[in-house]
Amino acid sequence: MSTKNSVNHIHMKIRNLKNLFLFIALLASGNSFAQNPIITDVFTADPAPLVYDNTVYLYTSHDTASVEHTNYKMPDWLVFSSKDMVNWKNHGSPLSPKSFSWATGDAYAAQCVERDGKFYWYVSTFHKKDENSKGGAAIGVAVSDSPTGPFKDAIGKALIVNEMTTDMEHSWDDIDPTVFIDDGQAYMYWGNGSCRYVKLKDNMIEKDGPIHIVDVKNFIEGPWLYKRKDLYYLIYAGKGTKPEMIEYSTSKSPEGPWEYQGIIQENVPNSFTTHPGIVDFKGKSYFMYHNGLLPTGGSYRRSICIDYMYYNEDGTIQKVVQTKEGVAPVK
Ligand code: FUB
């Protein structure tokens with residue numbers, strides 16, 4: 001080989017190496033493919049994440065309405081898990097309203113929490129007409145030894161029935177439970193049109209004291225309660241503008257009073273509801289929500305997305321930027 005040829009040969013090798021490094025860097029950045037919506041083979045809504053054993057478990061509602069349907073058709077709840085926030089394993093449907101002898105109708109929003117190695121899945125569904133209720137939305141709780149089930153009704157009756165709250169006239173005001181354990185004391189918030197909370201006993205399946213009506217601005221539904229540093233956050237679907245957007249209030253106590261802080265997330269495309277699920281995992285904060293952006297999607301055929309969430313120094317939350325790219329895989 002002449003000197004000129006061997007120099008050309010070396011240049012070519014360097015170029016190939018550079019291309020290889022670029023390719024590896026692109027793969028490592030995780031942003032080479034759009035991640036949102038995160039689940040594309042079924043329609044999912046109402047995300048409720050739980051971190052357990054280095055894994056994020058994601059409990060979701062399941063939309064099965066046809067394209068023509070103009071109302072929900074939600075037969076069961078689903079569980080997914082991920083170790084990197086990008087690759088999600090489907091664990092199927094370990095729970096449905098049929099798991100509760102007293103329930104009937106749709107499987108609305110739900111959240112699962114862990115306590116002492118047991119998993120308590122608080123669900124909103126509807127009550128049969130019987131000696132305990134005249135019907136309407138109700139909240140039940142299922143329990144399991146594993147985050148993916150099998151789950152069974154923990155009480156044998158509803159934890160909350162429509163008759164226990166009387167400040168709203170509509171029958172579906174007792175939906176969307178969120179449960180947070182603060183220094184051993186569990187609190188359950190829930191509601192549609194009016195936000196309520198009640199303390200739970202250590203056994204997680206009995207109310208501990210009266211139901212309180214919460215004074216919180218712009219509340220519609222879908223509360224999500226958590227604590228970060230010294231501040232408690234109540235995040236919810238709000239009525240700042242129609243359709244729903246996500247708003248929040250903060251407090252120095254899990255019992256309030258709640259100070260309104262503003263909007264976290266504007267309306268979502270192609271769905272009149274949105275619903276918050278918030279989780280910290282391996283040093284980053286994530287905001288989960290749903291929209292109607294899967295092909296043939298809509299308000300009754302929703303799909304869950306994840307984007308980053310950022311806090312300001314004073315604990316206030318920056319507006320979530322809704323992206324197609326979603327988040328990068330966690331190492
Ligand atoms: O998924 C049914 C209902 O739509 C939920 O319970 C609400 O939060 C809204 O997302």
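## A tour by selection

Select Pro257 to begin: this residue lies in the loop between strand 16 (245-251) and strand 17 (259-265). Before going on, note that the model is predicted. Now add Gly256 to the selection. A cis peptide bond joins Gly256 and Pro257. Its omega is about 5 degrees.

**Second stop: another cis bond.** Select Gly149 and Pro150. The peptide bond from Gly149 to Pro150 is cis, with omega near 10 degrees. Where does Pro150 sit? Look in the loop that runs between strand 8 (136-144) and strand 9 (152-153).

**Third stop: a backbone angle.** Select Asn54. This residue is not a glycine, yet its phi is positive, at about 60 degrees. Asn54 belongs to the loop between strand 1 and strand 2 (55-63).

**Fourth stop: the sheet.** From that loop, move on to the strands. Show strands 1 to 4 as a cartoon. These 4 strands form an open sheet, in the order 1-2-3-4. Is the pairing parallel or antiparallel? It is antiparallel. Colour strand 1 (43-52) and strand 4 (89-90) as the edges, since each pairs on one side only. In general, strands of a sheet pair through backbone hydrogen bonds.

Zoom in on strand 3 (residues 77-82) and strand 4. They pair in the antiparallel sense over 2 bridges. Pick Ser81 there, and find Lys89 of strand 4 standing opposite.

**Fifth stop: the ligand.** Select the ligand, then the residues around it. The list is Asp46, Tyr72, Met74, Tyr108, Ala109, Ile175, Asp176, Glu221, Thr273, His275, His290 and Arg302. Colour this shell by character: it divides into 5 nonpolar, 3 polar and 4 charged residues.

Next, draw distances from the ligand oxygens. Three pairs to display:

- Asp176: an N or O atom of its side chain is 2.5 Å from an oxygen atom of the ligand.
- His275: an N or O atom of its side chain is 2.8 Å from a ligand oxygen atom.
- Ala109: here the partner is a polar backbone atom, 3.4 Å from an oxygen atom of the ligand.

How much of the ligand does the protein bury? Taken alone, the ligand exposes 270 Å². The protein buries 99% of that.

**Last stop: the pocket.** Switch on a surface around the ligand. The space that the ligand takes is the second largest pocket. Keep Asp176 and His275 in view as you turn the model; both are among the residues around the ligand.

Notes
Residues are numbered from 1 along each chain as its sequence is written. This is a predicted model: local features need pLDDT of at least 70, side-chain atom pairs count only at pLDDT 80 or more; totals for chains, interfaces and linings use all residues. Side-chain values use heavy atoms; hydrogens and water are left out. Two strands pair if DSSP finds at least two bridges between them. A residue is near a molecule or strand if one of its heavy atoms lies within 4 Å of it. A polar contact is a pair of N or O atoms within 3.5 Å; within protein, one must be able to donate a hydrogen and the other to accept it, and residues adjacent in sequence count only if both atoms are side-chain atoms. Accessible areas come from the Shrake-Rupley method with a 1.4 Å probe; for residues, only the protein chains shown count as cover. On a 1 Å grid over the protein atoms alone, a cavity is a set of points where a 1.4 Å probe fits but cannot get out, and a pocket is an open set with protein on both sides within 12 Å along at least five of seven lines; lining residues have an atom within 4 Å of a point. A molecule sits in a cavity or pocket if more than half of its atoms lie within 2 Å of its grid points. Ala, Val, Leu, Ile, Met, Phe, Trp, Tyr, Cys and Pro count as nonpolar, Asp, Glu, Lys and Arg as charged, and the others, Gly among them, as polar.
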